[in-house]
Amino acid sequence: GEQLAAFRAWDGQAYVVDAYCPHLGANLAAGGRVMGNCIECPFHGWQFQGEDGKCTRIPYAEKVPDFARVRTWPSCEVNGMLLVWYHCEGVDPTWAVPEQREISTKEWVFRGQTEHLVDAHIQEIPENAADTAHLAFLHGPAILGGSDLRYTRSKLWDFMKHIWKAEWRPEPEPNEHCSRLLVQHTATIFGKHVSFMDLTVSARQVGPGLVFMIFEHAFLGHGIILQTVTPLEPLLQNVVHKIYYQKNIPAIIPKFILRAECIQFERDVTIWNNKQYQPKPLLVREDSSIQKHRRWYAQFYSEKSMRLPVQREGLDW
């Protein structure tokens, strides 16, 4: 629900500030200009420093008040993305986003992205990693069956199956804000194992909304999908997947991987868009990692975390 203005100063540094000028409320991101390391308001020309938000110039005033400033947001530029730190109580960043060396050295190059809007609470999306039982049922049918759940189990595509072996676990200190999902993917056609489809995926969750999915294939090389989940408003998430892949591998390969991942992800989206959160789910022994994940994810909430209005049934977020 926040409105922000992101800009790059003349020295190349990127900054993020509140979008609205504290003077009369003009939007700095709509018509504002970059002047040195400042952003200039399009309404009256007030200029605010990106580093600390302080107003440095008012064209028609003799003196700039010391208290004239716009709020700044902690941000970092890493892995080809500008990432903003949000904490509802204004706490400074408690961990840093790791750099993927192959992206910064350009060994792996950008090969495309997908974007989805998901009508769900942000916690539902990463919880999928701990729900390993859904992999075989929801993601077992061939990607040829598409993402429409009415047809994924069609007999037409029954000759091909995806087989998943997965294990989720939180990471120890000092990376307790991270967790890992290790996935081994194989496929069968008419019951015969097809080694060409063997794939190892290591998915590392960093904080509540960032995932590094590293792909390793015997013939098709290595690459990564970066997943970001950005809350736009209560129960609405913007999910972006960006793929970077070895530049010596034809672009068609990573584009195929991204397309296959997109089909599988859209099956999850259908579930998320229509499901109900169960605060006390009916679990069996094999579902134990779901409760472990909920305990791990609880670290990202605090006393002032936004809560939805209580409905008749109650929402235990």
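Helices and strands are here DSSP runs, numbered from the N terminus, a strand needing at least two residues, and by that rule Glu40 belongs to strand E4, residues 38-40. The model is a predicted one, and Glu40 offers a convenient place to enter it. At 12% relative accessibility Glu40 counts as buried, because the cut-off for that class is under 20% relative accessible area. The side chain of Glu40 has a polar partner in the side chain of Gln47, at 3.1 Å. Setting aside neighbours within four places in sequence, Glu40 is in contact with Gly32, Arg33 and Met35 on one stretch of sequence, and with Gly45, Trp46 and Gln47 on another.

Seen as a whole, the chain holds five helices and 16 strands, and its C-alpha atoms fill a box of roughly 80 × 55 × 40 Å along the principal axes. Of its 317 residues, 42% are buried. Among contacts with a separation of 6 or more, 49% join residues that stand 24 or more positions apart.

Lys54 gives a sense of how the chain is spread out. This residue lies in the loop between strand E5 (47-49) and strand E6 (55-57), and with a relative accessibility of 25% it counts as partly exposed. Beyond its neighbours within four places in sequence, Lys54 is in contact with Gln47, Phe48 and Gln49, and also with Pro65, Asp66, Ala68 and Arg69. Phe190, by contrast, is 136 residues away from Lys54 in sequence and 67 Å away in space, C-alpha to C-alpha.

The interior can be followed through its nonpolar cores. In soluble globular proteins, nonpolar side chains tend to be buried together. The largest nonpolar core here has 28 residues, and the members that touch the most others are Val118, Met213, Phe215 and Trp272. Two or more residues each are given to this core by strands E11 (178-189), E13 (199-206), E14 (210-217), E15 (221-233) and E16, and by helices H4 (252-274) and H5 (288-297). Helix H4 provides the largest share of this core, five residues. Phe215 can serve as an example of the packing: apart from neighbours within four places in sequence, it is in contact with Leu199, Thr200 and Val201, with Gly221, His222, Gly223, Ile224 and Ile225, and with Ile257. Apart from this core lies another, of 18 residues, which includes Cys41, Phe48, Cys55 and Val70.

Strand E16, residues 236-246, also holds a polar residue, Asn238. Asn238 is buried, with a relative accessible area of 14%, and its side chain makes a polar contact of 2.9 Å with the side chain of Glu115. The residues in contact with Asn238, leaving aside those within four places in sequence, are Glu115, His116 and Leu117 together with Thr228, Val229, Thr230 and Leu232.

From the cores the reader may turn to the empty space. Rolling a probe the size of a water molecule over the atoms shows where such space is left. The second largest pocket has a volume of about 900 Å³. Its lining has 38 residues, of which Trp164, Val201, Met213, Phe215 and Glu261 are the closest to its centre. At least two lining residues come from each of helix H2 (124-127), helix H3 (133-138), strand E10 (160-170), E11, E13, E14 and H4, and the largest share, nine residues, is supplied by H4. By residue type, the lining of this pocket divides into 24 nonpolar, ten polar and four charged residues.

The loop between H2 and H3 contains Ala129. Not counting residues up to four places away in sequence, Ala129 touches Trp168 and Leu181. Ala129 and Ser179 are 50 residues apart in sequence but 9.4 Å apart in space, C-alpha to C-alpha.

A few backbone features remain. Most residues other than glycine have a negative phi, and most peptide bonds are trans. Glu173 and Pro174, however, are joined by a cis peptide bond with omega of about 5 degrees, and Pro174 is found in the loop between E10 and E11. Asn79, in the loop between strand E7 (75-78) and strand E8 (81-84), has a positive phi near 55 degrees, and at 5% relative accessibility it counts as buried. Leu235, in the loop between E15 and E16, likewise has a positive phi, near 60 degrees, but at 38% relative accessibility Leu235 counts as partly exposed.

Methods: Residues numbered from 1 in each chain as written. Predicted model: local features only at pLDDT ≥ 70, side-chain atom pairs only at ≥ 80, totals over all residues. Heavy atoms only, no water. Helix = DSSP H or I, 4+ residues; strand = E, 2+ residues; numbered from the N terminus. Buried < 20%, exposed > 50% of the residue type's maximum accessible area, 1.4 Å probe, protein only. Polar contact = N/O pair within 3.5 Å; in protein donor to acceptor, adjacent residues only side chain to side chain. Contact = heavy atoms within 4.5 Å. Core = buried A, V, L, I, M, F, W, Y, C linked by side-chain atoms within 4.5 Å. 1 Å grid on protein atoms, 1.4 Å probe; cavity = no way out; pocket = protein on both sides within 12 Å on 5 of 7 lines; lining within 4 Å. Points joined across faces, edges and corners; volume = space filled by probe spheres on them. Nonpolar A, V, L, I, M, F, W, Y, C, P; charged D, E, K, R; others polar.
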